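Visitor: Could you take me on a close look at a single part of this protein and show me how that part sits within the whole?

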Amino acid sequence: MKQKTIKSAITSKGIGLHSGKEVTLSFLPAPVNHGVVFQRTDMPNQPFVPAIGELVHDTMMSSNLTKDGASVGTVEHLLSAIAGLEIDNLIVQVSAAEMPIMDGSAAEFVKLLLKAGIEEQTTNKKYLRIKKLVRVEEADKWAQFTPLDGYELHFEIDFNHPAINKTGQKASLVMTPENYINQLSQARTFGFLKDIELLKQNNLALGGNLDNAIVLTDDEIMNKEGLRFDDEFVRHKILDAVGDLFLIGYPLKAKFEAYKSGHGLNNKLVRAVLADPDNYEIIE
Ligand SMILES: [Zn+2]
């Protein structure tokens, strides 16, 4: 397998979920062994912020990267699309401190990247292969990796809500670009109406609405169009995990399993793996 980038540059626009601000987004091809790197085009000197786990400094409502005072927020859905399409090298230019939310899933990013075209490069792809169990826990939540010659994700959530109870709290995905595009990329983020009101009072989720999130009242879904998958909620949690885990710096060869995990615990798992070189090896 060879490394991949995109064939040509492509630009789009959207709004930040938390800031509500308009942001211009451009994808540019990058050379081999470059990795995925964000660039803040609105800041003096247009600083670069690489997509690596050690730069995650805030996981309150989303995954946020910061380097030398330059931040890029809510990166997980785009990184999920990049991982899903097996892209290794990319420059992501953004004109604000937060990525656009698009439709709340990774589908728009997938569309843009496919429109730009995926290009195979000349150098072999590198993978991070997990060699033994690595597990992190927080109260009753946990996330872990075990060795696997491939990449699978298994996720369970536990929301006591009628709309979620009846649609399934558990899902799995065997990662291939095809499975990612068809079974995961359209799963939208979700939130509870009572939390969203509180977030808005605190100047968060200002760009959030029924076009970019599934919104739940105490007993039902507010979105008229309904769900895109029966188990869209847990699928979105897997979509988030794919993005958060991509920050490990390489595509994975591993089995990921999690119970009620989120951005914080996913990042803790990434850091736990990298903290001990015995946990993994880099292979071609
Ligand atoms: Zn998400």
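**A sheet and its helices**

Guide: Happily! Let us start at one end of the sheet, where strand E4 (residues 36-40) pairs with E5 in the antiparallel sense over 3 bridges. Please keep in mind that this is a predicted model. One of the pairs to look for is Phe 38, whose bridge partner in E5 is Val 49.

Now step back to the sheet that holds this pair. The sheet is open and has 5 strands, in the order E2-E3-E9-E4-E5, with mixed pairing. Its edge strands are E2 (10-15) and E5 (48-50), each of which pairs on one side only. Going from strand to neighbouring strand, the turn is 25° on average, with direction ignored.

Next come the helices on this sheet. Helix H1 lies across E3 (22-29), E4 and E9 (90-94), and runs at about 145° to E4. Helix H2 (residues 107-116) lies across E2, E3 and E9, running at about 165° to E2. Strands E3 and E9 therefore appear in the description of H1 and again in that of H2, while E4 is named for H1 and E2 for H2.

H1 deserves a longer stop, for it also packs against another helix. H1 covers residues 76-84 and H6 covers residues 232-246; their axes are 7 Å apart and meet at an angle of about 80°. Because angles of 65 to 115 degrees count as roughly perpendicular, H1 and H6 are described as roughly perpendicular to each other. On the H1 side, the residues in this contact are Glu 76, His 77, Leu 79, Ser 80, Ile 82 and Ala 83. Facing them from H6 are His 236, Leu 239, Asp 240, Val 242, Gly 243, Asp 244 and Phe 246. Sorted by class, the contact of H1 with H6 has 6 nonpolar, 4 polar and 3 charged residues.

Finally, let us place all this in the chain. The protein chain is divided into domain 1 (2-124) and domain 2 (127-283). Taken over C-alpha atoms, the domain centres are 18 Å apart. In the contact between the domains, 38 residues of domain 1 touch 35 residues of domain 2. Together the two domains bury about 2600 Å² between them, with 65% of it on carbon and sulfur atoms. On the domain 1 side, look for Leu 17, His 18 and Asp 103: they supply 17% of the area that domain 1 buries against domain 2, more than any other three residues.

Key
Residues are numbered from 1 along each chain as its sequence is written. This is a predicted model: local features need pLDDT of at least 70, side-chain atom pairs count only at pLDDT 80 or more; totals for chains, interfaces and linings use all residues. Side-chain values use heavy atoms; hydrogens and water are left out. Axes are lines fitted to C-alpha atoms, for helices over the stretch in contact, and angles run from 0 to 180 degrees between N-to-C directions. Helices (H or I, at least four residues) and strands (E, at least two) are DSSP runs, numbered from the N terminus. Angles under 35 degrees count as roughly parallel, over 145 as roughly antiparallel, 65 to 115 as roughly perpendicular and the rest as oblique. Contact means heavy atoms within 4.5 Å. Ala, Val, Leu, Ile, Met, Phe, Trp, Tyr, Cys and Pro count as nonpolar, Asp, Glu, Lys and Arg as charged, and the others, Gly among them, as polar. Two strands pair if DSSP finds at least two bridges between them. Domain bounds come from an automatic or database domain assignment. Buried area is the accessible area (1.4 Å probe) that two parts lose on being put together, summed over both.
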